[in-house]
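Hello,

Here is the structure we spoke about handing over. Please look through it first; the notes on what was found follow below.

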Amino acid sequence: MAAESRQPAGSGLYWQDIVYDIPLPKKQRKQSIAENGSSNSPNTSLEKGGELQDPSRTQGLRPIKAGDRRILNGVSGKVERGEMVGLLGASGAGKTTLLNILSARLDSTGELSGQVLFQGSQRDPESWKRTVGFVEQDDVLIPCFTVHETLDYSARLRLDSSISNEEKRQRVEDTLDMLRLEKCRDTRIGNGATRGVSGGERKRTSIGVELVSDVSLLLLDEPTSGLDSFAATNVVSNLKLVATKRNLACLMTIHQPSWNIFCMYDRVMLLTRGSIFYEGPPKKALEWFESLGHRVPEGVNPADYFITIAENLEKSDEGERRIDNLLRAWRENDKSFLHQDNEVSTPSEKIQTSSSSSSSSSASQVDRVLPGDEEEKLATLRDRSKGFAEKKEVESLNGGERQVWKSQDHKGWPTSWLAELRILTERNAKQTMRDLTTLIGSIGQSVILLIIIGFAFFRLGSSQSDVLARIGVLFFLPINASFAVLFPILTQFPLQRQVMIRERSSGLYRTSSFYLSKVIVEIPNTILQRSFFYIIIYWMIGLKGTASSFFIFMGLNYLQLLTSIGLALAIGAASPTIELANIIAPLFNVIFLLFGGNLLPSPPPWFIWLHWISPITYVYSALSVNEFVGSTFDCNGSGSGSGSSASQCYSTGEQVLEQYKLQRFTIGENCGFLVAIAFVFTLTGYFLLRYTGHPRFRYI
Ligand SMILES: Nc1ncnc2c1ncn2[C@@H]1O[C@H](COP(=O)(O)OP(=O)(O)OP(=O)(O)O)[C@@H](O)[C@H]1O
């Protein structure tokens with residue numbers, strides 16, 4: 001394949017002959033395979049559509065297989081250090097897919113080929129995550145933190161432990177300054193529920209999160225989407241400044257930019273149907289398209305116009321021919337362009353590249369890779385590109401403007417496991433304490449239930465009806481705790497999990513330190529919140545009342561809280577969204593409730609295991625043993641005994657335990673089971689998080 005022999009090299013990111021095919025939807029796939037014979041045959045039905053849909057024929061790329069759809073058609077390009085390049089195209093053109101391929105974050109669907117080189121070599125999976133900054137379209141930030149705190153945590157987690165705290169603080173200040181975030185440094189990020197920074201400030205904060213470390217390459221997916229034109233211009237002009245100052249290679253996708261923004265790029269790449277139809281300085285695009293007969297009408301934004309003519313919105317044959325011509329013209333130009341320095345050749349003339357796009361024009365010496373597989377040419381190319389990189393570095397230092405940060409070793413983890421744990425625990429604790437809605441909601445719920453349960457079972461005595469009330473309340477308390485613990489954790493965990501996935505994609509920390517920090521914060525938080533409930537309810541209800549039984553009551557409830565925290569973390573780890581978590585959580589609670597008490601006197605044998613894994617089984621049993629052993633009750637004239645009939649009387653607590661089969665295990669044994677269940681649930685959560693929250697990379 002052509003790509004194998006052409007190896008570009010340079011100071012930035014290069015990609016060559018990227019081809020990406022995905023399977024068609026099931027029905028169309030079946031039909032396509034049926035028409036073409038087998039899934040390994042070339043997709044002839046696509047070829048009938050014309051040259052446009054068969055890039056493999058003209059470009060020497062692999063053919064599209066039956067049942068597949070081509071998303072990217074042999075796309076090549078580059079971004080040099082210090083350069084800001086815009087990737088434009090209509091919706092569905094393949095911009096995000098290309099960005100995902102370049103950042104190595106493409107999912108495992110589809111067949112991918114081509115080459116991506118960074119600074120002359122293939123991307124090294126060991127260091128790539130920390131070399132590239134990737135700003136996703138949707139900001140994943142923690143709403144309760146201020147802009148400064150967000151960047152500060154990012155710096156502490158991203159920067160090497162060899163960098164002093166003072167320098168880390170300085171980098172945060174520099175980043176705030178560079179992205180013009182000074183004015184809102186102490187404003188919270190906010191979300192739909194609480195007002196925070198503006199959309200543009202939020203986006204610049206997301207960019208700052210990546211920039212605070214010394215990434216060499218910044219990829220951004222639609223950083224201006226959802227912003228008004230002022231905020232969008234602001235974001236792009238800031239990025240331009242940062243790319244120059246920090247000598248960053250910066251590539252961003254953008255949808256419908258204003259002409260003003262369009263002209264800010266050093267170079268633009270226009271994409272349609274997975275193929276490039278223009279690449280070069282933005283202003284030269286006017287001449288290029290005019291030479292093809294597409295003069296921008298008066299009053300129309302040229303950037304919009306270029307994208308529109310490469311779309312067949314009218315769904316006509318003429319539209320198809322127009323797109324065909326645009327792609328063919330660029331492909332033909334592209335070939336002659338391979339041998340040009342600083343020039344964009346049009347079919348009718350050669351257009352000298354403007355000197356204003358200095359970085360791209362110098363870079364264009366290595367812009368296109370020489371055809372053929374001659375090693376000598378390749379070596380020359382590498383030398384030229386390295387010379388270019390060195391020259392730029394010297395220029396930057398002489399200029400004094402550029403901000404050169406001490407480079408880190410991008411391999412391995414930035415900080416030690418203990419430092420990760422400390423920073424993440426601090427961040428988690430702060431987040432939990434600041435989530436006032438959840439905190440007030442949980443406390444409010446506890447107070448209401450305290451009043452209702454407390455008065456419903458107020459000061460139980462020793463009558464037979466109070467015996468049943470005691471049994472009832474000892475079953476109800478763990479059930480209530482299970483619901484009360486699960487939901488607050490699950491309202492926070494999915495967002496934290498999302499942040500974790502983003503941060504782990506940048507190689508910031510290990511899953512174990514993140515997860516342990518969560519456990520460390522949740523245990524005291526839950527225990528503190530629930531303690532006042534247990535203390536008050538114990539005395540309101542009038543349970544046994546001895547010191548030892550009170551402390552055992554508290555201890556047993558705490559152990560049950562640990563099982564609920566473990567369950568919440570396991571559900572949260574497996575649920576990508578709050579919605580899913582809120583569907584799964586009640587399911588477990590209801591199952592544990594149903595099989596954990598006396599609701600089913602004899603559970604079906606094939607469900608008996610649910611009885612044994614339910615924490616309610618053990619806590620209910622232990623609470624009952626704690627309450628009833630040694631207690632005596634009034635019979636009020638009814639006969640004593642251990643029978644189950646309503647007329648029978650329980651005169652001792654032991655009779656109650658026997659009747660309800662609650663004395664199978666001692667309190668100590670029940671505690672052992674609860675500890676084991678809490679441990680298994682928590683550990684399951686860890687493995688689920690490791691599996692579901694594992695960032696996946698795909699290199700070519
Ligand atoms: N894994 C996938 N499964 C199904 N379709 C996919 C997949 N990946 C990409 N596509 C399709 O590839 C095409 C290009 O998608 P991509 O997201 O790259 O477009 P885009 O140019 O970024 O569009 P937009 O500006 O709307 O985000 C779309 O038609 C999309 O549906």
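**Strands S1 and S2**

Valine 19 has asparagine 73, a residue of S2, as its bridge partner. Please keep in mind that this is a predicted model. The two strands involved are S1, which covers residues 13–23, and S2; they pair in the antiparallel sense, and nine bridges join them. Strand S2 runs over residues 68–79, and 11 of its 12 residues are buried, so the strand is largely enclosed by the rest of the structure. Buried here means that 20 or more other C-beta atoms lie within 10 Å of the residue's own.

**Around the ligand**

The ligand is surrounded by 13 residues. The closest are Ser91, Gly92, Lys95, Thr96 and Thr97. Helix H5, residues 95–103, gives the most to this shell, contributing three residues. By class, the shell around the ligand holds eight polar, three nonpolar and two charged residues.

**The two domains**

The protein is divided into domain 1, residues 2–399, and domain 2, residues 419–692. Their contact takes 15 residues from domain 2 and 11 from domain 1. On the side of domain 1 that touches domain 2, helix H6 (125–131) and helix H7 (147–158) each supply at least two residues. Of these helices, H7 gives the most to that side, with four residues. The side of domain 1 that touches domain 2 has five charged, five nonpolar and one polar residue.

Regards

Key:
Residues numbered from 1 in each chain as written. Predicted model: local features only at pLDDT ≥ 70, side-chain atom pairs only at ≥ 80, totals over all residues. Pairing = 2+ DSSP bridges. Near = placed C-beta within 6 Å. Nonpolar A, V, L, I, M, F, W, Y, C, P; charged D, E, K, R; others polar. Domains from an automatic or database assignment. Contact = placed C-beta atoms within 7 Å.
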